[in-house]
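Visitor: I'm new to this kind of picture. Could you walk me through what's shown?

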Amino acid sequence: MLIIPVKEGENIDRALKRFKRKFDRTGTMRQLRKRQQFTKPSVERRQQIQKAQYIQGLRDKEEL
């Protein structure tokens, strides 16, 4: 459970923004979206390799 203390005289929008940031850092929404469907471990591994190749390609392009 997230607790966001609201200071006296603090704007509620600012407190809401802190809540959203704190909630995002927990990773709850990412975990819920990931659990909506089953992904085979081999598919996850393939996606991980493709992502690593993409990032390496970007880094190689920067070095040139």
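Visitor: What pLDDT does the chain average?

Guide: This is a predicted model, where local features need pLDDT of at least 70, side-chain atom pairs count only at pLDDT 80 or more, and totals for chains, interfaces and linings use all residues. Residues are numbered from 1 along each chain as its sequence is written, and side-chain values use heavy atoms, leaving out hydrogens and water. pLDDT is the predictor's confidence in each residue, from 0 to 100. Here 100% of the residues score at least 70, and the chain's average is 94.

Visitor: Which element has the highest mean pLDDT?

Guide: Helices are DSSP runs (H or I, at least four residues), numbered from the N terminus. At the low end sits helix 2 (residues 28-34), with a mean of 92. The highest mean, 96, belongs to helix 3.

Visitor: Why do the rings of Phe19 and Phe23 count as a pair, and is it stacked, tilted or edge-to-face?

Guide: Rings of Phe, Tyr and Trp (its six-membered ring) pair if their centres lie within 6.5 Å; planes under 30 degrees apart are stacked, over 60 edge-to-face, the rest tilted. Phe19 and Phe23 sit four residues apart in helix 1 (residues 12-26), about one turn of the helix. Their ring centres are 6.1 Å apart and their planes at 20°, so the pair is stacked.

Visitor: Is Phe19 buried, exposed or partly exposed?

Guide: Buried means under 20% relative accessible area, exposed over 50%, and partly exposed in between (1.4 Å probe, protein chains only). Phe19 has 35% relative accessibility, so Phe19 is partly exposed.

Note on methods: Helix = DSSP H or I, 4+ residues; strand = E, 2+ residues; numbered from the N terminus.
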